[in-house]
Amino acid sequence: QAALATIAANLPGWSPNEGQLDVLLLEQFAQMASEAAQVAAQVPLAIFQFFGSLVGITPVQGTPATALTTWTMVDSSGYTVPAGSIVAYQTLGNVQVQFQTVTAFTVSPGSITATGVEIDATVVGTANNGIADTVAIVLVNQLAFVSSITATAATSGGTNPESLSTYLNRLSAELQLLTPRPILPQD
């Protein structure tokens, strides 16, 4: 209706009549625009995360909490603990908070301890920060040669991932600063 009114205002003497080619075309264009708007409204907001990665603006993924630990073996025969070995802090009775070794490490023959072994929480976020070094750590993966595991400090360093709404706001703000025009001579 708006298009027909604009054409009538700009072309003196023109009046829309059903069956005219120009009226039929406008009706088709309006239908196509309506369908496109409806489809665009149904796209999940997460699609913008993919678009943002195309222009170099990625969501903040968050990081897991970490801790340094000391591992004691049952004897001094020499052992290797694989990366990804699962351990758990035994909190509040039977509640376990799982962590894993970041890298494989070896306790050389003649020694029974490995110090400074980093473990990371199996989930990202701040929820696993602040677990005291006095909380018992148990081995989830059964490695018969491990006698005990102790933390040398409280867990820390975990950060939460960016929420979708926070990312979309940041993406929108940063896209306003992008320009397809050259700004500097090297552009």
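Is the crossing of α3 and α4 left-handed or right-handed? Keep that in mind as you open this model, which is a predicted one.

**Stop 1: two helices**

Select residues 47-54, which form helix α3, and then residues 164-177, which form helix α4. Their axes come within 10 Å and cross at roughly 40°. That angle makes α3 oblique to α4. And here is the answer to the opening question: the crossing of α3 and α4 is left-handed.

Now show the side chains where the helices meet. On the α3 side, pick F48, Q49, F51, G52 and S53. Their partners in α4 are L164, Y167, L168, L171 and L175. Try colouring this contact by class: you'll get seven nonpolar residues, three polar ones and no charged ones.

**Stop 2: strand β1 and its two partners**

Next, select residues 64-73, which is strand β1, together with residues 113-124, which is strand β6. These two run antiparallel, and seven bridges join them. Want to find your way along the pair? Click on P64 in one strand and its bridge partner V124 in β6. Then click on T72, which stands opposite T113 in β6.

Keep β1 selected and add strand β8, residues 146-151. This pairing is antiparallel too, over five bridges. For a landmark, look at T70, with T150 of β8 opposite.

While you're looking at strands, here is a general tip: in a regular strand, side chains alternate between the two faces of the sheet.

**Stop 3: from β6 to β4 and β3**

Go back to β6 and add strand β4, residues 95-101. β4 and β6 pair in the antiparallel sense, with three bridges. Q100 stands opposite D120 of β6, so to speak your signpost here. Now add strand β3, residues 86-91, which pairs with β4 in the antiparallel sense over six bridges. Here, Y89 stands opposite V97 in β4.

Follow the chain round the hairpin of β3 and β4, where three residues sit between the strands. Stop at L92 in this hairpin, which takes a positive phi near 45°.

**Stop 4: a pair of rings**

How many aromatic pairs does the count come to? The count comes to three. One of them is W71 with F105, so show both side chains. Their ring centres are 5.2 Å apart and their planes are at 70°, so the pair is edge-to-face. The cut-off behind that name is a plane angle over 60 degrees.

Zoom out to see what this pair connects. W71 lies in strand β1, while F105 lies in strand β5, residues 105-107. The two residues are 34 apart, and their pair links distant parts of the chain.

Technical notes. Residues are numbered from 1 along each chain as its sequence is written. This is a predicted model: local features need pLDDT of at least 70, side-chain atom pairs count only at pLDDT 80 or more; totals for chains, interfaces and linings use all residues. Side-chain values use heavy atoms; hydrogens and water are left out. Axes are lines fitted to C-alpha atoms, for helices over the stretch in contact, and angles run from 0 to 180 degrees between N-to-C directions. Helices (H or I, at least four residues) and strands (E, at least two) are DSSP runs, numbered from the N terminus. Angles under 35 degrees count as roughly parallel, over 145 as roughly antiparallel, 65 to 115 as roughly perpendicular and the rest as oblique. A crossing is left-handed if the near helix is turned anticlockwise from the far one by less than a right angle, and right-handed if clockwise. Contact means heavy atoms within 4.5 Å. Ala, Val, Leu, Ile, Met, Phe, Trp, Tyr, Cys and Pro count as nonpolar, Asp, Glu, Lys and Arg as charged, and the others, Gly among them, as polar. Two strands pair if DSSP finds at least two bridges between them. Rings of Phe, Tyr and Trp (its six-membered ring) pair if their centres lie within 6.5 Å; planes under 30 degrees apart count as stacked, over 60 as edge-to-face and the rest as tilted.
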